[in-house]
Amino acid sequence: SMPLGMLELFDLPAMTPNCERRAASTVAPQALLMMNNPFVVRETLAFAARVRRVSGADPAAQFQLAWRSAFGRPPSEREVRTGVKFLNEQANAVRVAPGKPKAGSPEPTLAALAHLCQALLSSNAFLYVD
């Protein structure tokens, strides 16, 4: 009786009887929602915190756990190398970002891991089943 507004962009089913077929579309606002929605940002930070808590401080272990959690398969060696490079570059970018960090902002390595988690959860591989 109370559909989630966030799901409207993802063709949520009609809440009426006799809904024989559900429409499917891919539109730009879906990607924008996954990049900017406060709920998505909070959940990706929670995902990153859990990954770090379980895997420890090693970026390769963090990447592998995040990847397995999002996609249900282990990453290739190339994907791990690329992911670790991304984590290091993101942490450095957060460190040198202009301006003062907002109160309650995660420290740079956690922020980088959250950015990775958000990218994984926003990817086609996560959102769409082939």
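## Helix α5

In α5, ten-odd names could be listed, so here they are in full: Leu110, Ala111, Ala112, Leu113, Ala114, Leu116, Cys117, Gln118, Leu120 and Leu121 are buried. This is a predicted model, so keep that in mind as you read on.Helix α5 has 15 residues and runs 21 Å from its first C-alpha to its last, close to the 21 Å expected at 1.5 Å a residue.

Leu113, which sits in helix α5, is a good residue to click on. With a relative accessibility of 0%, Leu113 counts as buried. Leaving out residues up to four places away in sequence, Leu113 touches Ala48, Val51, Arg52, Gln62 and Leu87. Val84 is 29 residues from Leu113 in sequence, and the two C-alpha atoms are 9.8 Å apart in space.

## The chain as a whole

Stepping back, the chain has 6 helices and 0 strands. Read from the N terminus, the order is α-α-α-α-α-α.

How much of the chain is buried? Of its 130 residues, 28% count as buried. The chain exposes about 9,000 Å², and carbon and sulfur atoms supply 59% of that area. As for contacts between residues at least 6 apart in sequence, 53% join residues at least 24 apart.

## Helix α4 and its two faces

Helix α4 takes in residues 77-96. Its 20 residues should span 28 Å at 1.5 Å a residue, and the C-alpha atoms at its ends are 29 Å apart, which agrees.

Which residues of α4 are buried? They are Val80, Gly83, Val84, Leu87 and Ala91. Looking down the axis of α4, you find these buried residues within an arc of 100°, so they line one face of the helix. The general rule behind such a pattern is that an α-helix has 3.6 residues a turn, so residues three or four places apart point the same way.

Turn α4 around and you get the other side: the face away from the buried one carries the exposed residues Arg78, Arg81, Lys85 and Val96. The buried residues of α4 have cover that includes α3 (59-71) and α5 (108-122). Leu87 of α4 is buried, and Leu87 is also one of the residues that Leu113 touches.

## Aromatic rings in α3

Now for the rings. How many aromatic pairs are there? The count comes to 2. In one of them, the ring centres of Phe63 and Trp67 are 5.4 Å apart with the planes at 40°, so this pair is tilted. Both residues belong to helix α3, where they are 4 residues apart, about one turn of the helix. Phe63 is buried at a relative accessible area of 3%, and Trp67 counts as buried too, at 12% relative accessibility.

The other pair also uses Trp67: its ring and that of Phe71 have centres 4.6 Å apart and planes at 80°, so the pair is edge-to-face. Why edge-to-face? Planes over 60 degrees apart count that way, and here the angle is 80°. Trp67 and Phe71 are again 4 residues apart in helix α3, about one turn of the helix. Put together, Phe63, Trp67 and Phe71 form one aromatic cluster.

Conventions
Residues are numbered from 1 along each chain as its sequence is written. This is a predicted model: local features need pLDDT of at least 70, side-chain atom pairs count only at pLDDT 80 or more; totals for chains, interfaces and linings use all residues. Side-chain values use heavy atoms; hydrogens and water are left out. Helices (H or I, at least four residues) and strands (E, at least two) are DSSP runs, numbered from the N terminus. Buried means under 20% relative accessible area, exposed over 50%, partly exposed in between (1.4 Å probe, protein chains only). Contact means heavy atoms within 4.5 Å. Accessible areas come from the Shrake-Rupley method with a 1.4 Å probe; for residues, only the protein chains shown count as cover. The expected span of a helix is 1.5 Å times one less than its number of residues. The arc is that of the directions from the helix axis to the C-beta atoms. Rings of Phe, Tyr and Trp (its six-membered ring) pair if their centres lie within 6.5 Å; planes under 30 degrees apart count as stacked, over 60 as edge-to-face and the rest as tilted.
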